[in-house]
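Reader: I would like to go through this structure with you, starting with its open spaces and then turning to the places where its chains meet.

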Amino acid sequence: MSVFKLVDVSMDFGENPALNGINLEIQSEPLGIIGKSGAGKTTLLKIMAGLLTQTKGNLEFKESMVVPQFIPELRRKVTMIFQSPLFLRGDVNTNLSYGLRLRGNAEEKIKKKTEDALELVSLTGYGERDARSLSGGEQQRVALARALILDPEVLLLDEPTSNLDPVNASIITDILIQESTKRTIVIATHDLDQVKRVAKRVIFLEDGVITEEGDPYELDSIQRFTENVFTGISSVEEGVSQVSVGEITIRTSTPLTGRVSLHVRPQDIIISKGWIETSARNQFRGPITGVNERIGIVMIDVDVGKVFKVQITRRSFNEMGLKLGEPVNISFKASSVLQL
Amino acid sequence: MAQSALRSTGTSPATYTINNHHTSFDLKMSWQAISEGISEALRLILTIDRTVIEITFRSLTIASLATLLSTLIGLPLSLVITMKEFPGKNTLKFIFNSLVGIPTVTLGLFLYTLLSRSGPLGSMELLYTVRGIALGQAILILPITVSFIISAIESKDEELRDLTRTLGASELETSIAVLREAYSGVSLALVSSFNRAFAELGIATMLGANISGLTRVLTTAIALETSKGELGLSFALSFILLLVVLFLNYVIRLLQGGLDS
């Protein structure tokens, strides 16, 4: 039995379609949603959470059509976690118990459940702290506990770790892997490592359309994106984000903080034999480690600490006389770096 | 309405003759009159003068009734306006915003014609009653209650509503949660509404006519006693009015402190 079934679901905000004819069946296995910002990931999740109503098409939850009268019940079975956690006035316990109180639980049961939930997210003893004074990572863990305490059938997560440090992100990913055996998890994320660890199936959203779906290790778009996809921690300096991805630091023009995955299209990279003076903010040097000829183009692997795939025409490849093992420079503009 | 005219006698710039159809007398304006007024005021307050107590109590009662009525209508109305989408929503909000500053005498005049014996609502016999003044002031402060509550609720964004909904709240429970989050702004709305009702003169005069022992309130009594030259009672009542208004402003400040935190 499918948990969710979306038939030709579209969503218009004014003129721009946020989603366009989505057909998707979600079984109980964890699903990842990847795609750039603005691709429609949040809208898709909010429709499934019963927080938005599609302008066209049908949504089914466990083979029942989601009609307006059914939405309150849907909301009690499906809980969503937002990118930036939001809290109600009061301490952590107040926030954790809110949903339980709405469901008419006894105080004793609420007390026991809040303690268990805090233990689950490794925040035992945090119950009486002001939720809004916690660190970003702690806040997101409380938000996760607040959702899990309700024992939802489906947990929807909208980029839950995109603003977090690696330690907190990893704690959350571990909890999600553990929870995926108990409930259906649907996670939208920019973090490809996370999607591979959590999800069994992935859809790729592009401009409100599902362009691909499949196993996270086989998905073409992920394969395509594993070409020149680098995940690291970003910090902003003088309006330029510096993303440290291990051996090298990539500069990107969009201000990003936290853990991000970046992509540079192979055709946006320039290859040169020596250092060139250029406006491109990114320039690295390393040997050619692979050459793959395709029709009319050549894909070159350059290892500058990370392996970049560079696409050049066959003609420039011949004219430059590039050889395997030869050290070259690669350069690309900060604005050519895309955030996944 | 008493017809009064102020005319300079020309002998001294500080000396005026006040003419109205009851009395005609000279009023010497000097510091002496003010200091006498203040000491008389203190005596009246300290001896707990019955008239002063009665008038103050009536003012508080009427403003409380007006605020209660305005809240009973304004709170659900604000919730509907903020939570629901409907055509003309922005126009409605604009109207309420504009009516915040409606002149009290203008509204008083409208209500007077409506409530007067020969008026369309004359049969309700609300003119020259406490209930009548309270009703008039409730109408006066309704725009304040509604506008302030709307802006308090709107300061809490849509994400808060999404959060409570996804945690299983019904629309009503979501509204209650939003009101609780906007608590300081909502209290501010109610205190401001009370303040305006308590300190206004136009409606109390038009609908109450300042009848001693019946509809006399602080503001109308101050106006009358001053025109009679009874500065002592005027000052006493003014001090009480000021004290209550200052106290309310102090409450507002405390609430805004809550807003900031």
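Author: A pocket here is an open set of grid points with protein on both sides within 12 Å along at least five of seven lines, and its lining residues have an atom within 4 Å of a point. Please keep in mind that this is a predicted model.

Reader: Which residues lie nearest the centre of the second largest pocket?

Author: The second largest pocket holds about 570 Å³ of space, and 23 residues line it. Those that lie nearest its centre come from both chains, and they are A:Leu51, A:Arg75, B:Glu158, B:Arg165 and B:Glu171.

Reader: Which element gives the largest share of the lining of the second largest pocket?

Author: Two or more residues of this lining come from each of H2 of chain A, helix H2 (50-83) of chain B and H6 of chain B. By class, the lining has seven nonpolar, five polar and eleven charged residues. The largest share amounts to four residues, and the element that gives it is H2(A).

Reader: Turning to enclosed space, how many residues of the lining of the largest cavity are nonpolar?

Author: The search of the whole structure finds four cavities of 30 Å³ or more, and about 60 Å³ of space lies in the largest. Its lining includes A:Met80, A:Ile81, A:Phe82 and A:Arg146 from chain A, with B:Leu163, B:Thr166 and B:Leu167 from chain B. Strand S6 (78-81) and helix H5 (136-148) of chain A, as well as helix H6 (158-166) of chain B, each supply at least two residues. Divided by class, the lining has one charged residue, two polar residues and, as the number asked for, nine nonpolar.

Reader: What is the area buried between chain A and chain B?

Author: The contact takes 19 residues from chain A and 18 residues from chain B. Carbon and sulfur atoms give 53% of the buried area, which is about 1800 Å².

Reader: How many residues of the side of chain A that touches chain B are charged?

Author: Between the two chains the count is four salt bridges, and one salt bridge joins the side chains of B:Glu173 and A:Arg76 at 3.8 Å, N to O. On the side of chain A that touches chain B, helix H2 (71-77), S6 and helix H3 (92-102) each supply at least two residues. The residues of that side divide into ten nonpolar, two polar and, in answer to the question, seven charged.

Reader: Within chain B, which backbone oxygen lies 2.5 Å from a polar atom of the side chain of B:Thr129?

Author: B:Thr129 lies in the loop between helix H4 (104-115) and helix H5 (130-154) of chain B. Not counting residues up to four places away in sequence, B:Thr129 touches B:Leu207 and B:Thr215. The backbone oxygen 2.5 Å from a polar atom of its side chain is that of B:Leu126.

Key. Residues are numbered from 1 along each chain as its sequence is written. Chains are lettered from A and ligands numbered from 1 in the order in which they are written. This is a predicted model: local features need pLDDT of at least 70, side-chain atom pairs count only at pLDDT 80 or more; totals for chains, interfaces and linings use all residues. Side-chain values use heavy atoms; hydrogens and water are left out. On a 1 Å grid over the protein atoms alone, a cavity is a set of points where a 1.4 Å probe fits but cannot get out, and a pocket is an open set with protein on both sides within 12 Å along at least five of seven lines; lining residues have an atom within 4 Å of a point. Grid points are joined across faces, edges and corners, and a volume is the space filled by probe spheres set on the points. Ala, Val, Leu, Ile, Met, Phe, Trp, Tyr, Cys and Pro count as nonpolar, Asp, Glu, Lys and Arg as charged, and the others, Gly among them, as polar. A polar contact is a pair of N or O atoms within 3.5 Å; within protein, one must be able to donate a hydrogen and the other to accept it, and residues adjacent in sequence count only if both atoms are side-chain atoms. Contact means heavy atoms within 4.5 Å. Buried area is the accessible area (1.4 Å probe) that two parts lose on being put together, summed over both.
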